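Here's a quick briefing on how a few strands and helices fit together. Have a look at the structure first, then read on.

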Amino acid sequence: MIEPTVLEVTTGDLESLATGMNLMWALTVTFLIFFMHAGFAMLEAGQVRSKNVANQLTKNMLTWAVGIGVFFLIGMGIANNVGSILGGGESSPLTMFGAGSFDWAMWLFSAVFAMTAATIVSGAVAGRAKLRAYVAYTFLLAAVIYPVVAALVWYAPGGTPILASLGFADFAGGMVVHGVGGVAGLTAAWILGARMDKYDDDGSPNVIPGHSMTFAVLGTLILCFGWFGFNVGTAATVIDPGTFELADFDYVGSVAMVTALGMGLGAIGAATVSLYLNGKVDTLYVANGMLAGLVGVTGPTDLLTPMGALAIGFIAGAQLPIVFRFVEKRLKIDDVCAVFPVHGSAGMLGLILFPLWSNAEGATTVGDGVIAGGIFSIEAGAFVPQLVGVAVITIWTVLATAAVWGAFKLAGQARVTPEHERDGLDVAEHGVDTYPEFGRPELATDGGVPEESLRTDGGYATDIELVTAIVRPDRLSAVKKSLAGVGAPSLTVTNVSGRGSQPAKKGQWRGEEYAVDLHQKVKIEVVVADVPAEEVVEAIREAANTGEPGDGKIFVLPVTDACQVRTGDTGPEAV
């Protein structure tokens, strides 16, 4: 008979198991938060013009590349030491973080939060900020601006962070991360000034649509996915290594539920207000509303009831179109990617209003809540710590950001030249064209199959004529085949825009309508000598005709002479 083996599990084994689980969880959510940078890159790239896409993508990559090293060398130490000094701790000089593996993982967890705050700013200053100015500001934000805020709320080795000691609660960074990013972005955009042509002489704003709604929505959904790491991951300790009981995971289910509800109601809130203001549900407002709802519940996500998540998510989304209009039309600040209404005001509202729906029954630091599971009681000063914390963080961020960007502006290093802004920052700052096949007006593609044999039009005719046709882009392939059928396959094609009998259309960008009366067309030029121009005209007309206004026009002009570059032939022989 085989005796059963009895495994002895020591306290050390349990501690190792608990630590390993905590470490694995912390790293998993850290990687989720890092992936949010892909979402920010797509979201911002979709909201800028095609000529500035590469610049926006580069800024997002450099935010991480520069910021992570700076936060390692300077930022974390600043956060711990400033927090310890202000919070009555006993931190030794230059304290950064502990020496264990879990300490290193938690440093990286802190770093991805800092990089999130930094990358938000890039969307507000898109289209006109110099790359060197943005990178320099990222350096200072990661080294000083964000660490000081984090020290006020989260970090104070040996003591209690000063704002937290007053009762200010910000679980996952509704104000520490998103509020800082939103306020900093608004301040930087104000210092820089608006993009060229954004405002008329009378101060009325012009709509400058982004180049890809697809990118913007894709980026939004990536951010929503990563946000679960952001909020749920802040419950970083799965099991208490000392007691071997559930630690933060005791309430992690509530955090996940609140996060999901806030996301959904944010989209509904923005859609509702958009429908009321514009008569249509604006796609970009819905996308931005999802993010605003997430920001709204991020700060108090561990203290909100489900009804609180529904309410704050809806309010955060609903305020988005209103605040964006106020910033654009009243303050005259060109916040390109709406970073303040998405990250700034939404984060503030969530932290200020959450005591109305707090689940912290009996807590004296944030109040029980007016509406919390049927409990209609609240301390008179429950909102005061939240108002104080939001105000202190806002004032510090505005002053620090204004000082940095103001200095750049005085030195003439904040903004690109008008010529570079007009040409686009992709070429001016990076020497690249994001869409080399489609972005230049002198290029046209139609996806057609190349002709197997192309011939030049030659012969003994004495007259040379130029047939110019302006037609719909989608008819180009059919026109090419039709021209080859009448013996005139040689042609020149360029992308153009214009207006004629085709009626203007109405476009909408964040609820604001703009006229689309310059329609995209292609200009086809065919020079013929031995092929009758009438046949060429008829071939183009038959292939381009759809029977609708906007099919285009065809013009025939005499050509005085022609010269072939390679041979030097002139006249009809050159054609």
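Start with a pair of valines: Val-467 sits opposite Val-556, which belongs to S6. Keep in mind that this is a predicted model. The strands involved are S1 (residues 465–471) and S6, paired in the antiparallel sense over seven bridges.

**The sheet**
- S1 and S6 are part of an open sheet of four strands, which run in the order S2-S5-S1-S6 with antiparallel pairing.
- At the edges you'll find S2 (492–498) and S6 (552–558), each of which pairs on one side only.
- On average, neighbouring strands here are turned by 20° against each other, ignoring direction.
- As a general reminder, strands in a sheet pair through backbone hydrogen bonds, in either a parallel or an antiparallel way.

**Helices on the sheet**
- H15 (residues 476–485) packs on the sheet and touches S2 and S5 (519–528). The direction of H15 makes about 10° with that of S5.
- H16 (residues 533–544) packs on the sheet too, touching S1, S5 and S6. Here the angle is about 10° between the directions of H16 and S1.

**A helix pair elsewhere in the chain**
- The axes of H9 (residues 283–298) and H11 (residues 339–353) come within 7 Å and cross at roughly 35°.
- That crossing of H9 and H11 is right-handed.
- On the H9 side, the contact involves Asn-288, Leu-291, Ala-292, Val-295 and Gly-296. H11 brings Pro-341, Val-342, His-343, Ala-346, Gly-347 and Gly-350.
- Sorted by class, the H9–H11 contact has six nonpolar residues, five polar ones and no charged ones.

Note on methods:
Residues numbered from 1 in each chain as written. Predicted model: local features only at pLDDT ≥ 70, side-chain atom pairs only at ≥ 80, totals over all residues. Heavy atoms only, no water. Axes fitted to C-alpha atoms, helices over the stretch in contact; angles between N-to-C directions. Helix = DSSP H or I, 4+ residues; strand = E, 2+ residues; numbered from the N terminus. Left-handed = near helix turned anticlockwise from the far one by under 90°. Contact = heavy atoms within 4.5 Å. Nonpolar A, V, L, I, M, F, W, Y, C, P; charged D, E, K, R; others polar. Pairing = 2+ DSSP bridges.
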